[in-house]
Number of protein chains: 2
Amino acid sequence: MADDQKLTTREADFGAWYNELVLKSELADYSPVRGCMVIRPNGYGIWERMQRAMDDMFKETGVQNAYFPLFIPESYLHKEARHVAGFAPELAVVTIGGGKVLEEPLVVRPTSETIIYAMFAKWVQSYRDLPLLINQWCNAVRWEMRTRLFLRTMEFLWQEGHTAHATAEEGEAETRLILGIYRRFMEEWAAMPVVTGRKSESEKFAGALRTYACEGMMQDNKALQAGTSHNLGQNFAKAFDLKFQTEAGGTEFAWNTSWGVSTRMVGGLVMTHGDDIGLRVPPKLAPTELVVVPIYRAEEQRAQVLSVAHQIRSDLSKGASPVRVHVDARENMTPGAKYYDWELRGVPLRLELGPRDLEKAQGILVRRDSREKRPVPLAELSRTATETLAAIQHDMYTTARDRRDAHSYRGPITYARFREIIDGDGGFVYAGWCGTDACEAVIKEETKATIRVLPDPEFQSPDAPRTCVKCGNDATVEAMWAKAY
Amino acid sequence: MADDQKLTTREADFGAWYNELVLKSELADYSPVRGCMVIRPNGYGIWERMQRAMDDMFKETGVQNAYFPLFIPESYLHKEARHVAGFAPELAVVTIGGGKVLEEPLVVRPTSETIIYAMFAKWVQSYRDLPLLINQWCNAVRWEMRTRLFLRTMEFLWQEGHTAHATAEEGEAETRLILGIYRRFMEEWAAMPVVTGRKSESEKFAGALRTYACEGMMQDNKALQAGTSHNLGQNFAKAFDLKFQTEAGGTEFAWNTSWGVSTRMVGGLVMTHGDDIGLRVPPKLAPTELVVVPIYRAEEQRAQVLSVAHQIRSDLSKGASPVRVHVDARENMTPGAKYYDWELRGVPLRLELGPRDLEKAQGILVRRDSREKRPVPLAELSRTATETLAAIQHDMYTTARDRRDAHSYRGPITYARFREIIDGDGGFVYAGWCGTDACEAVIKEETKATIRVLPDPEFQSPDAPRTCVKCGNDATVEAMWAKAY
């Protein structure tokens with residue numbers, strides 16, 4: 001694919017479109033290390049804004065950041081049987097350090113429950129030390145066979161929260177609190193509607209009591225698990241002897257939760273909002289919200305237009321609703337080439353500013369999402385930009401939600417129709433499930449669809465399904481099925 | 001050391017004092033992985049503020065953040081001969097991935113020049129792509145034999161900046177620009193005076209043309225290298241074929257710089273400002289600048305005092321100079337125990353607030369640095385707190401600078417006197433150097449002192465030394481010597 005070629009369309013080949021978009025818009029690049037990517041400034045800038053938004057929300061609930069070692073002694077992983085069974089096939093192992101073979105190999109963290117709860121056991125003595133609410137922003141490594149930029153990489157960046165509580169109820173409440181924060185982040189910041197709910201036993205985190213997740217629908221109608229929150233019960237506390245003195249004077253194991261969102265979200269953003277021209281970044285996550293493209297022919301025009309452009313940047317960056325503005329003053333590049341470039345990168349608003357606009361004290365404001373164009377008096381630009389950015393954020397969410405709803409299927413359904421949907425355009429299929437591993441496994445094998453979640457009440461169908469879509473026996477629960485990344 | 005015991009004094013045993021302070025104030029803890037530490041919330045909060053301050057300064061100069069893989073193919077390290085020679089003994093090596101022995105082992109990054117310049121080579125075609133100014137915040141691993149919390153850990157957190165330029169002059173200018181940012185950060189934020197200058201050939205970064213550093217003096221009069229900025233010349237560009245088309249149409253190798261500051265700075269902060277009671281955090285880097293300790297006996301007093309305390313937090317967090325306030329509402333803990341706790345943690349200001357204070361509409365404001373106490377009318381608290389925090393920041397810097405200057409030695413000096421200082425109380429000794437590796441090596445062997453820097457002009461002695469302190473031959477340069485961490 002040459003630089004000047006258009007993207008493959010989503011309809012022609014969604015996977016090719018995705019890869020081309022990520023590479024051409026310089027979100028990320030392949031690295032010389034198999035399965036590891038380089039996150040380029042355009043992609044990292046979005047991740048930084050995601051981090052800031054979530055970090056602020058965590059801290060509001062009393063969570064504090066810390067940092068735990070990258071390496072975990074292999075024996076630690078083995079202390080929780082289901083945990084090691086889940087992660088053993090995916091480990092990267094350091095066997096040589098400082099030129100010598102290590103007595104005990106060190107695992108590069110695939111997740112940090114084991115080392116973190118070992119430390120918690122050292123820090124927690126009494127109920128007064130609880131709850132302990134800790135988060136870390138770090139890298140993690142899982143040896144994946146098939147990798148995709150952002151979506152599934154051997155190394156990824158994420159936050160992993162780990163908490164300890166005095167009661168089962170508090171643990172469950174924390175798990176749900178964080179799931180709510182994730183949902184709010186995805187809806188209000190990433191403009192990505194999600195369905196929340198519990199995972200089935202076969203899909204839950206290795207070592208968890210219960211796993212909750214947020215599932216978004218991508219534009220190919222496949223699901224993306226965008227964030228998970230695990231109620232770990234006392235499984236890890238028992239494995240790592242994380243006990244505390246209760247208020248009554250007894251001793252009890254603590255109740256843990258863990259939860260994470262990763263750079264995968266950047267991929268989710270692309271697949272939720274990108275179009276055949278390029279990326280569309282929701283304003284709240286856009287490192288640049290408005291780009292000013294100065295237009296001039298003669299040199300004396302250049303100075304004048306640039307001067308106004310910089311004044312605009314300065315004005316808009318102040319005040320109660322500051323706007324992040326970039327002035328594209330690159331030379332040897334036509335305005336048209338700049339438009340193309342910024343549309344590819346998904347900057348929400350563009351202001352075209354030429355000598356004739358200046359005569360009228362206006363600029364041409366162009367929305368990236370709808371590509372709607374209109375002249376705006378410069379005197380009103382600050383207010384108009386702020387309002388338009390809010391409108392874009394809102395419209396991007398409703399557009400994504402409407403498209404998700406249009407590809408969601410509820411109500412009585414035969415297995416034949418279920419397969420028709422899943423094998424065809426795909427989507428989210430809500431159907432009854434008898435609750436047996438057998439039916440879940442057969443459906444997965446025959447259709448490649450999995451239970452994404454057992455939806456939370458607000459996502460359940462008004463009429464609860466009565467029978468299992470596979471075996472026809474009584475349904476014990478409603479399940480939301482889809483093919484997934 | 002029991003929790004209720006005092007710290008070992010700095011005078012009695014500086015090393016023991018440091019370790020006890022770091023552990024008791026909960027900045028960090030030992031981990032089950034040899035040489036790796038856990039950075040606890042108190043320490044990580046300081047690091048987060050350090051990150052924010054430096055990140056803003058980098059970005060102001062056009063630097064963008066990105067992220068490169070943790071793993072580096074072993075063969076990459078070998079492409080720059082001096083680089084691999086420097087780092088080979090310190091490597092952690094992944095030899096197993098996904099259950100299989102890897103064909104090519106992967107090195108856990110000790111620093112990322114090799115993989116980053118390999119990517120730069122892919123991205124840079126023309127002079128128009130330059131300068132390329134990239135930074136990453138990440139972890140790095142060096143297999144150290146003797147580790148110390150924060151100061152020398154097997155894994156550490158840092159930022160590593162990497163840039164590419166079209167000319168040697170621009171590369172040198174960038175190296176110096178960043179050194180200036182580091183100095184500004186250390187002086188203005190960390191209140192840590194530093195001496196800047198160039199490293200000798202034997203002390204420079206493996207693969208660099210020139211290394212510049214900031215050296216601070218700790219309270220045991222040893223030097224701490226707190227940040228380094230390397231002019232890499234074309235060494236890595238040649239090793240990784242990082243070429244560009246010049247404006248004139250030719251082809252040339254790019255000029256690189258790299259620069260880093262790590263979590264070691266947190267240790268430097270402790271050793272610069274801590275006292276026998278605990279930590280003292282400069283206000284600009286303090287996650288909490290002012291802690292309110294409510295004092296009450298009866299329950300109805302409690303509600304009233306806490307209500308005023310929370311009002312103070314709310315008022316002080318707003319306005320032009322917001323102050324980061326924490327209200328310590330812990331129950332079952334005496335005010336005295338809270339004072340002890342916050343003094344140990346180094347919060348710059350404490351406000352004691354009791355019923356009798358409220359009657360007078362005042363609080364008792366206590367400075368952590370000087371422990372000076374005075375009543376302040378609550379109506380003036382916002383202004384007084386802001387002014388006092390600025391005074392503390394200023395005073396901490398001047399105190400550290402005066403102490404550094406009192407232990408700096410300039411002027412004609414014999415080798416006997418040089419040894420007397422270094423073997424005695426220590427300090428920074430400015431002395432002439434003939435420039436030969438031989439004299440440098442002998443002094444290092446005999447005294448354990450090393451050339452910390454060949455000082456920049458503003459740190460050079462008014463009268464340039466004429467002779468080498470070791471051999472007595474003509475001095476080619478002034479060197480600043482000290483024992484170092």
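Copies here are superposed by least squares on the C-alpha atoms of residues with pLDDT of at least 70 in both. Done that way on this predicted model, a rotation of 180° with 0.0 Å of shift along its axis lays chain B on chain A, at an RMSD of 0.0 Å. The two copies are thus related as by a two-fold rotation axis. Below is a quick tour, starting at the axis and moving on to the strands and helices within the chains.

**Around the axis**

- Which residue of chain B comes closest to the rotation axis? That's B:V94, with its C-alpha at 2.1 Å.
- B:V94 also turns up in the strand pairing between the chains, where it is the bridge partner of A:V94.
- The strands involved are β5 (residues 92–97) of chain A and β5(B), which run antiparallel and are joined by five bridges.

**The interface between the chains**

- On the contact count, 41 residues of chain B touch 41 residues of chain A.
- The biggest giver on the chain B side is strand β5 (residues 92–97), which puts in six residues.
- Sorted by class, that side of chain B has 28 nonpolar, eight polar and five charged residues.
- Why do the copies meet through the same surface? Because 100% of the interface residues of chain B are also interface residues in chain A.

**The sheet that spans both chains**

- Six strands line up as an open sheet, in the order β4(A)-β6(A)-β5(A)-β5(B)-β6(B)-β4(B), with antiparallel pairing.
- At the edges sit β4 (71–73) of chain A and β4 (71–73) of chain B, each of which pairs on one side only.
- From one strand to the next, the twist averages 45°.
- Going inward from the chain A edge, β5(A) is tied to strand β6 (residues 100–108) of chain A by four bridges, and the two run antiparallel.
- If you want a register point for that pair, A:I96 has A:V101 in β6(A) as its bridge partner.
- At the A-to-B step of the sheet, the register point is A:V94 against B:V94 in β5(B).

**Strand β9 of chain A**

- Strand β9 (residues 194–198) of chain A is largely enclosed by the rest of the structure, because five of its five residues are buried.
- In a regular strand, side chains alternate between the two faces of the sheet.
- Both faces are covered in β9(A): A:V194, A:T196 and A:R198 are buried on one side, and A:V195 and A:G197 are buried on the other.
- One neighbour is strand β10 (residues 210–217) of chain A, which runs antiparallel to β9(A) and is joined to it by five bridges.
- Within that pairing, A:T196 has A:C214 in β10(A) as its bridge partner.
- Another neighbour is strand β22 (residues 450–455) of chain A, also antiparallel to β9(A), with two bridges joining them.
- There, the bridge partner of A:G197 is A:P455 in β22(A).

**Strand β15 of chain A**

- Strand β15 (residues 290–294) of chain A has five of its five residues buried, so it too is largely enclosed by the rest of the structure.
- Which residues cover the two faces of β15(A)? A:L290, A:V292 and A:P294 lie on one side, A:V291 and A:V293 on the other, and all are buried.
- Strand β16 (residues 325–327) of chain A pairs with β15(A) in the parallel sense, over three bridges.
- In that pairing A:V292 stands opposite A:V327 of β16(A).

**Helices α2 and α6**

- In chain A, helix α2 (residues 41–60) packs on helix α6 (residues 168–189) at an angle of about 145°, with the axes 10 Å apart.
- The crossing of α2(A) past α6(A) is right-handed.
- On the α2(A) side the contact uses A:A53, A:M54, A:M57 and A:F58, and on the α6(A) side A:I181, A:F185 and A:W189.
- How does this contact divide by class? It has seven nonpolar, no polar and no charged residues.
- In chain B, the axes of helix α2 (residues 41–60) and helix α6 (residues 168–189) come within 10 Å and cross at roughly 145°.
- α2(B) passes α6(B) in a right-handed crossing.
- There, B:A53, B:M54, B:M57 and B:F58 of α2(B) meet B:I181, B:F185 and B:W189 of α6(B).
- By class, the α2(B)–α6(B) contact comes out as seven nonpolar residues, with no polar and no charged ones.

Definitions and conventions:
Residues numbered from 1 in each chain as written. Chains lettered and ligands numbered in written order. Predicted model: local features only at pLDDT ≥ 70, side-chain atom pairs only at ≥ 80, totals over all residues. Axes fitted to C-alpha atoms, helices over the stretch in contact; angles between N-to-C directions. Left-handed = near helix turned anticlockwise from the far one by under 90°. Contact = placed C-beta atoms within 7 Å. Nonpolar A, V, L, I, M, F, W, Y, C, P; charged D, E, K, R; others polar. Pairing = 2+ DSSP bridges. Buried ≥ 20, exposed ≤ 12 C-beta atoms within 10 Å, placed from the backbone.
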